[in-house]
Amino acid sequence: MKYLNLKPLLIITLLFYAFVASAQSGAVYSFIFDVDPELTDFVKVERNNSNWLSDFSVSKIFPEELINSIKIKTEEAFTEKLQMPVKMCFYRDKRGRVYDSGGNGGRLEGLPSNSFKGAKVNCTENNRYIRYYVKISNGGSTSVTFGNNKSKTNTKPSLRIHATVFDGNKNKVWKKNIEINDFANLRSVKRYYGVFDVTKSEVLSHVDIYAIYIMGLEQLMKE
């Protein structure tokens, strides 16, 4: 009786599955990262008797290094979590121009702002598509007024992250939300000068924002 040697077939099968696994990849197609301007405006002037040009503020600028570090750490975290390469997926128009999240109202610019349908066109041959939202906001404030021309406020930052991973048919394969409120207070002082209110505040630096985000990212990726 002749016996079939199954060893070569087994090797070929294992190689095939290894190839399929290695061909899988993921794309972060929507990455919104908002920081409440209240946490980054270190000087704010408000005109309290008119709605026209009623306020003016000076904020910390989010440097490009911060954006790049956030993108890299996010890609690395999802790559490890999903066990496949994960990259940012940007919307491109018919001329090939790349569009991102912009930078208005405390939103970090330079991050993907795409739809699932757009991601299927702009970032083909992916197995996982990731929708991602990060928000650093005012988690609560307490104020004390001194006389008629001064008040002090303590503000506690709060972090929320929402992540959803879809397959190629937009079926949810993983979803998780987290919230962290255990951060040090930021202090601000408001003084009143006639029709103007002037607030000077402690604010989150770009290093603070990065550290807060990394803390949240690590908690998000925990089982």
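Hi everyone, let's start at a turn. Strands E7 and E8 make a hairpin with 3 residues between them, and Gly 147 in that turn has a positive phi of about 65°. Keep in mind that this is a predicted model.

Now the strands on either side of the turn. E7 covers residues 128-146 and E8 covers residues 150-166, and they pair antiparallel over 16 bridges. Along that pairing, Val 134 sits opposite Ile 161 of E8.

So which strands does E8 pair with besides E7? One is E9, residues 172-180, which is joined antiparallel to E8 by 8 bridges. Here His 162 faces Asn 177 in E9. These two strands also form a hairpin, with 5 residues between them, and Lys 170 in the turn has a positive phi of about 65°. Another is E10, residues 186-193, antiparallel to E8 over 6 bridges. Lys 150 has Arg 191 of E10 as its bridge partner.

Let's move to the packing. The largest nonpolar core has 39 residues, and those touching the most other members are Phe 31, Phe 33, Phe 78, Leu 108, Tyr 132, Ile 136 and Tyr 213. At least two residues each come from E1, H2, E4, E7, E8, E9 and H4. Which element gives the largest share of this core? That is H4, with 7 residues.

Have a look at Tyr 213 on your screens. Beyond its neighbours within four places in sequence, Tyr 213 contacts Phe 31, Phe 33, Ile 70, Thr 74, Tyr 132, Val 134 and Ile 161. Val 134 and Ile 161 are the opposite pair from the E7 and E8 pairing.

Finally, apart from that core there is another, of 8 residues, including Ala 27, Cys 89, Phe 116 and Phe 166. Thanks, everyone!

How values were computed. Residues are numbered from 1 along each chain as its sequence is written. This is a predicted model: local features need pLDDT of at least 70, side-chain atom pairs count only at pLDDT 80 or more; totals for chains, interfaces and linings use all residues. Side-chain values use heavy atoms; hydrogens and water are left out. Two strands pair if DSSP finds at least two bridges between them. Helices (H or I, at least four residues) and strands (E, at least two) are DSSP runs, numbered from the N terminus. A nonpolar core is a set of buried Ala, Val, Leu, Ile, Met, Phe, Trp, Tyr and Cys residues joined through side-chain atoms within 4.5 Å. Buried means under 20% relative accessible area, exposed over 50%, partly exposed in between (1.4 Å probe, protein chains only). Contact means heavy atoms within 4.5 Å.
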